[in-house]
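Me: I am new to reading protein models. Can we go through some of the words used for this one, and ask what stands behind each?

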Amino acid sequence: MASTSISTSAPIMEVFASIQGEGAFAGEAQVFLRLAGCPLRCEWCDTPHSWSVDEGRSARIATPEGSKRHSAWANPFQAATWVAACEPREARTVSVTGGEPLMWPEFLLGLPDMLAGRRVHLETAAAHPETLRRVAPVFDHLSLDLKLPEDMGDVVPIGVGGVNAEPSPRTPSDWTRVRREVLAIAAERDACAKIVVRSARPMSAYLPLLEDLERLAPTLPLYLTPVSPMAGVAAPEPEFLEDLVEEARDLHLDVRVIPQLHRVLSIP
Ligand code: SF4
């Protein structure tokens, strides 16, 4: 594929209708547009199959008539036709997820215009503030993960042409910097913050996240999501979650606890 085409296209993993499982719109019927490629390595990641951009992979388009396969690389117009094909009836809000969607900023910038008046939400690890600043104005809602540096493995660059060149955070001080920058961007927008909470982390690991939120984006709703247990990573004790909620309330944050609904309901 020519590089000019790659720059406005993104590798699509799947498009499907489901129920939003996280954040401010949990429970809403949406269509999900999942982009492949993520250089980060959250130790509790539930979509590790989204990390690589495999040239041989195709996109799964889950229409009401059944799943179809198409060449993965798509421009915003093609992706919008797949969204329409996946909607069971009325048009739905579209959540762009990953992977890390910020790896494909030109695609993101072109997408909302193709979606004909639908609300378009962005789910992001919030690790690339320069890119978020560029694309945020075209989205109706930003759903930002605030990461604990302790939860992150080594960065693995995505080795394909056209991918975002903004460096990914690697050190705890990098993560502090990007967190503060993305919160300053989100403070002026329709957005929410999410923190995945796992066991075996001290309260002191979470407090810098809460304090930055209170200082930089105090009106942003905060959703604490206990990790769904998986290999080597356990959910936090209920008492720890309650203590964390109280720490957030002490800072006057608008905090809620929501489990990953799609895991609870066994839906995609
Ligand atoms: S940012 Fe998302 S896709 Fe990437 S490793 Fe973390 S949870 Fe997985």
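The questions below take those words in turn.

Me: What kind of model is this, and how many helices and strands does the chain have?
Reply: The model is predicted. The chain has 8 helices and 11 strands.

Me: How do you know whether the radius of gyration agrees with a compact globule?
Reply: Set the value against the rule. A compact globule of 268 residues would have a radius of gyration near 18 Å. The chain has 18 Å, so the two agree. The C-alpha atoms fill a box of roughly 50 × 35 × 35 Å along the principal axes.

Me: Why are α2 and α3 called oblique to each other?
Reply: Helix α2 covers residues 76–86 and helix α3 covers residues 105–114. Their axes cross at roughly 50 degrees. Angles under 35 degrees count as roughly parallel, and roughly perpendicular runs from 65 to 115. The crossing falls in neither range, so α2 and α3 are oblique. Their axes come within 8 Å, and the crossing is right-handed.

Me: Which residues make that contact of α2 with α3, and how do they divide by class?
Reply: Pro76, Phe77, Ala79 and Ala80 in α2 meet Phe107, Gly110, Leu111 and Met114 in α3. By class, 7 are nonpolar, 1 is polar and none is charged. Gly counts as polar here.

Me: What makes α6 roughly parallel to α7?
Reply: Helix α6 (residues 203–216) and helix α7 (residues 238–250) pack at about 30 degrees. The cut-off for roughly parallel is under 35 degrees. The angle meets that cut-off, so α6 is roughly parallel to α7. Their axes are 11 Å apart. This crossing is right-handed. From α6, the contact takes Met203, Tyr206, Leu207 and Leu210; from α7, Asp243, Leu244, Glu247 and Ala248. These divide into 6 nonpolar, no polar and 2 charged residues.

Me: How do you know how α5 lies against α6?
Reply: Use the angle again. The axes of α5 (residues 172–186) and α6 cross at roughly 30 degrees and come within 9 Å. That angle is under 35 degrees, so α5 is roughly parallel to α6. The crossing of α5 and α6 is right-handed. On the α5 side, the contact has Thr176, Arg179, Arg180, Leu183 and Ala184; on the α6 side, Pro208, Leu209, Asp212, Leu213 and Leu216. The classes are 6 nonpolar, 1 polar and 3 charged.

Me: What makes Ala200 worth a second look?
Reply: Most residues other than glycine have a negative phi. Ala200 is not a glycine, yet its phi is positive, about 65 degrees. Ala200 sits in the loop between β9 (191–197) and α6.

Me: Which peptide bond is cis, and where is Gly99?
Reply: Most peptide bonds are trans. The bond from Gly98 to Gly99 is cis, with omega near 10 degrees. Gly99 lies in the loop between β6 (93–97) and α3.

Me: Which residues are around the ligand?
Reply: Gly98 and Gly99 are among them. The others are Cys38, Leu40, Arg41, Cys42, Cys45, Thr47, Ser50, Glu100 and Ala125. To count as near, a residue needs its C-beta atom within 6 Å.

Me: How does that shell around the ligand divide by class?
Reply: The shell has 5 nonpolar, 4 polar and 2 charged residues. Arg and Glu count as charged, so Arg41 and Glu100 belong to that class.

Terms used:
Residues are numbered from 1 along each chain as its sequence is written. This is a predicted model: local features need pLDDT of at least 70, side-chain atom pairs count only at pLDDT 80 or more; totals for chains, interfaces and linings use all residues. Axes are lines fitted to C-alpha atoms, for helices over the stretch in contact, and angles run from 0 to 180 degrees between N-to-C directions. Helices (H or I, at least four residues) and strands (E, at least two) are DSSP runs, numbered from the N terminus. Angles under 35 degrees count as roughly parallel, over 145 as roughly antiparallel, 65 to 115 as roughly perpendicular and the rest as oblique. A crossing is left-handed if the near helix is turned anticlockwise from the far one by less than a right angle, and right-handed if clockwise. Two residues are in contact if their C-beta atoms, placed from the backbone, lie within 7 Å. The radius of gyration is taken over C-alpha atoms; the globule rule is 2.2 Å times the number of residues to the power 0.38.
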